Structure formats: C-alpha cells, structure tokens
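Biologist: I would like to go through this structure with you. Please give me the reasoning behind each label.
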Amino acid sequence: MKTPSRLEKLLEAGHFVVTGELGPPKGNNVAAVKKKAALLRGYVDAVNITDNQTAVVRMSSIATAVVAQQQGLEPVMQMVCRDRNRIAMQSDIIGAAALGIPNVLCLSGDHQQFGNQAHSKNVFDIDSIQLVGAMRRLRDENKLLDSDEKLDGPVKMFIGAAANPFAEPFEFRPYRLKKKVEAGADFIQTQCVFDLEIFEQWLSKARDLGLTERCHILAGVIPLKSGRMAKYMAEHVPGVIMPEAIVKRMVDAPKGKGGIEGVKICCELIDALKEMKGLSGVHIMAIEWEKKVPKIVEKANLFPRPAID
Amino acid sequence: MIVAQIKPLPEIAEGLEPHGKTLIVGCGGCTSICLAGGQPEVDQLCLELEQLFKEKGLNKTFEGYVVERGCDPDFIQELDILAAEFEAFLCVGCGAGAQLIAEQFPEKPVYPGVNTQFLGVNREVGWYEEKCRSCGDCQLAYTGCICPVTRCAKSIFNGPCGGTQREGRCELDAETPCAWVDIFNRLKTQQRVENIERIRQPTAWQNQKQGQLVHEAYRDRYTKKD
C-alpha cells in the first residue's frame, strides 16, 4: 500500500466501495459535524469533506476532517485550487498528513461568483491536475514543487480527483481523465450520474484507454428530494445531465413522497452502476440529507460494509 | 489596445473638489480609440464638470489637452509649458499615463478620470473584449491561439473544468463561452488536439512584481558601467 488509507486497502482488495459526503457547517458548530458523522458511520467506507463548496465560507475542510475522523469516519479531505496558492496548498497538505488525514481530493473549485464572497479574488495558481501532480511529488518523492529538498517526514496520502463525463466537450473528457491519471490520481469520483448511457460511453472510452486499470473510478450519485430539486438540477446546475424520464418520475411523485421516489431512483442507478465493468464504487452525495444514506446503502445491497483493518 | 472606461462623474468630482483650475489630459492612443479619453471626451468632461460644480455653487475652470501618446515622456513633456497655471490634473489616458504625468509633476495631484479595464480588441464599434492578461509566458501556441489565462474564469492550464454547461458555455452563465471548449474545437479543426492531451506543468508566474524590460539592442545604454 502506498498510504495508510483504508479506502486504498478496500479498493486494492477489489471491494466495491461506498463513499459519502459531509458538508461542513457555516460556523464552528462541531456538534453539527458529529451529528452528520453519526448518520454515516458504518455505512460508508470514507467520507468526503467539502472545501467551501459553491464558494460559501464554511468550517475548513481540514478541521472538519479531523472532527469526522475523531467520530470514526475516514475522511477524504477536499481541496480546491480557488482559494490557495501552491505555498498554502502544500502547507495544508503536509498539515493534514500530520493530523492523520489519509485521503485528499483535488478540485478546481466553483467560481467565487456563486458564493457569499463574490467580490473576492480567486487564486488558481495551479489547477486541479497540477495539484494532483504536486500531491504525487509530495508523497512519492517527498519533495515540494520546484524544490529538490527532501521534506522532514513522509506525506502519505491517497490521491483523488474528480471527473465529469456529462460536460462538453464529451469527446475530450476521457482524455482529461487520462491527464489526471497520468498526473498521479489513485481514485476518481465523478459528477453525479443520472444518464447511464452517457456515463457508460465515457467509462467505455476510459476502459479503452486503459484508465480503469490504472485508477479506481467511483461513480457519483445524488438522491433527489423532490420534483423541484430534480427540475432545478436538470436546468440550472452546470455539468449535470438528467434524463427527462427521471425528472418526470420525480415531478409525478405524490406530494410529500418525492424523497421516496428519489431514493428509489438512486438505488436503481447504483444497481445499474454495480454491473458496469471498470467501476470500483459509488460516491453518494446526499446533500444535507445524510440521514438517507443508511437506507440507500442497505437498499442497494451494499450493507454491511466490508471489515478491513 | 488598453481599454478604459470613464469613471462616474460624481467620483471624479469628489477628488477634484478641493482644487482650483484643473487640466484634463487626454491621450491620442488607446483611450481615444475606446472612446474614453480622446479629444471629444476631454471636451465633454470640461463642460460637464464645470456644470456640476456650478450647480454646487462653485465656479471652477477646466481646460483640456490631448497628448499624442500618454505613455511616452517625450509627449508628456508638452505639458511643461501649461502646467504652471493648473493646480491639478485629471488624466483620461490609462493608469500608466496618469502615473507618468504624476512623475513629471510630482508637486501636483493627478487624478484618474478612467478605470483602466483590460488589454483587448474592438469587437464592433463601441464594443471591446479582453484578450490578454499580460501573464508574461504566452500559452497561445498550444491552445489554438485562445488564451486560457484571460478567457477561462479559473485561468486553468489543463481545462476544461467540470463546470462546463450545455452548448459549451462557462459555469459562470449561459452567455459566456467556455474557453476550453473553444480551444478543443479549434484544435480539433486543426487536427492538433494532442496539444492539450499533455499535462501543462505549474506555471512560473511572471507578473508577480512590477515589470521592467530593456530591449536587447539597448542593454549597453542602460547598463551601469564602473
């Protein structure tokens, strides 16, 4: 194993893994983190801790990851390129490693115009692919960017990156995935899958390029809460493609029962994804709906989660 | 060219209020072309500012002068014979020009009359678009001559990010085209997509301190000799 990550062990052992997501609170409410962690514990193999998602200021991913870890969850600390230059990023990664955080997910980050600090200056000193490269250098060579000096202590982290099969140019997306793998990504979590056909086309190309042999791909899924949420996501969330049939099922669900239909659709998607060759797991993004994760994991026959040290 | 936009009149007036006679200096270069700081704009500002102060009960005099190129000391020197009779300057050339005037007349306040916006092109008459961030390490050779630093909202070098919307639009809004979709399409047309299949390594940013450049042919002239 390259790292102490349990996620790595499970993936290398060939398990179909389940990761979840925990959004830090808009404040220092540790109890809120503990509450979410309690809902997810035992049902996911690792949990992504988002990094000021949608550019809204929240408790830092590094601090939240530590709290999650204390609650018995293995964190995947997300890190976006929007807010830190390469000095701050490498410093925070070293700090995270010192705190025992074993996984990191490297992302570009949503543009700041969407958040509550719309007048801020973004950084993007390096991009997500360059961050993956910096992570690999930190871990495998124990060196910083542009420096040949060895660091004082190993930085052993399992390196993740994101991929979106549902954004243009579709034809180029597998090649961008290839760049991430070549930069050093050990695992990939995708944008949420609703359209299985487009996803299979992307995955099939990834297989042809030999990428599913070189990294572990986890398909993102989101349980829809209501017809309104489905319509909003279908129409307004950049990089999401939702087939009309799914929107219709959600809109047609009896009043107050949208969530039941949403969980059902999510489990059906997971069932279909489990059958796809070259897929190593699912990433369940139950945004502010963590309490549904146990049900989804159970209904999708992914419970209990494998025990491994 | 450098594209600039005239500041709101009240903001300009706020700076000038404590001063007496003011010279409004225009530029015959970029800010003339983008209709912010040429002769017509200088003339109009003189009238508008006089009127604005008159309404406040203040009798102030404004005069205008347009130098051929406000970023060149040879042309700024033309102001020497005029300067004595003015208390302050309002520059409607770009920010570079304003600073050159201030260097020439360090004892007098110089105010900017425009916001210098960007380095860009004429799209149509009165319509300008940013094209270059002067990053100092031109990337255009591998991106099909579309600048990712300027046009991508995240200035990423290995795009496109995951936020691209339908019809190749940026995650910012449905009106903004995704630079990286355009880069891909152009390279595809030219059968050069392999250009962006290789990882671009972290950039050695060149614009993190004030730029100074001496043309090679003039090195000797400006190099101090013992």
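Modeller: Keep in mind that the model is predicted.

Biologist: Which strands of chain B make up the open sheet of three strands, and what is their order?

Modeller: The order is β1-β6-β7, with antiparallel pairing. The edges are β1 (2-6) and β7 (127-132) of chain B. From one strand to the next, the twist averages 70°.

Biologist: What makes β1 and β7 of chain B edge strands?

Modeller: Each of the two pairs on one side only.

Biologist: How do you know that β1(B) and β6(B) pair, and in which sense?

Modeller: The cut-off is at least two bridges between two strands. Strand β1(B) and strand β6 (residues 114-124) of chain B have five bridges, in the antiparallel sense. So the label "paired" applies to β1(B) and β6(B). As an example, B:Ile2 has B:Leu119 as its bridge partner in β6(B).

Biologist: What holds paired strands together in general?

Modeller: Backbone hydrogen bonds make the pairing, either parallel or antiparallel.

Biologist: What is the order of the open sheet of four strands in chain B?

Modeller: That order is β3-β2-β4-β5, and the pairing is parallel. Here β3 (62-67) and β5 (110-112) of chain B are the edge strands. Neighbouring strands are turned by 25° against each other on average, direction ignored.

Biologist: Which helix packs on that sheet, and which strands does the helix touch?

Modeller: Helix α3 (residues 39-55) of chain B does, touching β2, β3 and β4 of chain B. The direction of α3(B) makes about 165° with that of β3(B).

Biologist: How many bridges join β2(B) to β4(B)?

Modeller: Four bridges join β2 (residues 22-27) to β4 (residues 88-91) of chain B, and the two run parallel. One of the partnerships sets B:Thr22 against B:Ala88 in β4(B).

Biologist: Now chain A. Which strands does β6(A) pair with, on the bridge counts?

Modeller: Strand β5 (residues 158-163) of chain A is joined to β6(A) by four bridges and runs parallel to it. A:Ala163 stands opposite A:Thr190 in β6(A). The path from β5(A) to β6(A) goes through helix α6 (residues 173-183) of chain A, a right-handed β-α-β crossover. Strand β7 (residues 216-221) of chain A also pairs with β6(A) over four bridges, in the parallel sense. There, A:Cys192 stands opposite A:Gly220 in β7(A).

Biologist: Why is strand β6(A) called mostly covered?

Modeller: Five of the six residues of β6 (residues 187-192) of chain A are buried.

Biologist: Why is A:Thr19 called buried?

Modeller: The cut-off for buried is under 20% relative accessible area. A:Thr19 has 0%, so A:Thr19 is buried. This residue is found in strand β1 (residues 17-22) of chain A. Its contacts beyond four places in sequence include A:Leu7, A:Val44, A:Gln189, A:Leu218 and A:His283.

Biologist: And why does B:Pro73 count as partly exposed?

Modeller: Partly exposed lies between the 20% and 50% limits. B:Pro73 has 39% relative accessibility, so the label fits. B:Pro73 sits in helix α4 (residues 73-76) of chain B. Its C-alpha atom is 9.6 Å from that of B:Glu103, 30 residues apart along the chain.

Biologist: Why are α9(A) and α10(A) called roughly antiparallel?

Modeller: Helices α9 (residues 227-236) and α10 (residues 244-252) of chain A pack at about 155°. Angles over 145 degrees count as roughly antiparallel, and α9(A) and α10(A) therefore earn the term. Their axes are 7 Å apart, and the crossing is left-handed. Among the residues making the contact are A:Ala230 and A:Ala234 of α9(A) and A:Val247 and A:Met250 of α10(A).

Biologist: What is the usual sign of phi, and the usual form of a peptide bond?

Modeller: Most residues other than glycine have a negative phi, and most peptide bonds are trans.

Biologist: Which residues have a positive phi without being glycine?

Modeller: A:Phe124 is one, with phi near 45°, and B:Ser155 is another, at about 45°. A:Phe124 lies in the loop between β4 (103-107) and α5 (128-141) of chain A. B:Ser155 is in the loop between α7 and α8 of chain B.

Biologist: Are these two buried or exposed?

Modeller: A:Phe124 has 2%, under the 20% limit, so it is buried. B:Ser155 has 14%, also under 20%, so B:Ser155 is buried.

Biologist: Where are cis peptide bonds found?

Modeller: One joins A:Glu168 and A:Pro169, with omega about -10°. A:Pro169 lies in the loop between β5 and α6 of chain A. Another joins B:Gly159 and B:Pro160, with omega about -5°.

Methods
Residues numbered from 1 in each chain as written. Chains lettered and ligands numbered in written order. Predicted model: local features only at pLDDT ≥ 70, side-chain atom pairs only at ≥ 80, totals over all residues. Heavy atoms only, no water. Buried < 20%, exposed > 50% of the residue type's maximum accessible area, 1.4 Å probe, protein only. Right-handed = clockwise from strand over helix to strand, strands pointing away. Axes fitted to C-alpha atoms, helices over the stretch in contact; angles between N-to-C directions. Parallel < 35°, antiparallel > 145°, perpendicular 65-115°, else oblique. Left-handed = near helix turned anticlockwise from the far one by under 90°. Contact = heavy atoms within 4.5 Å.
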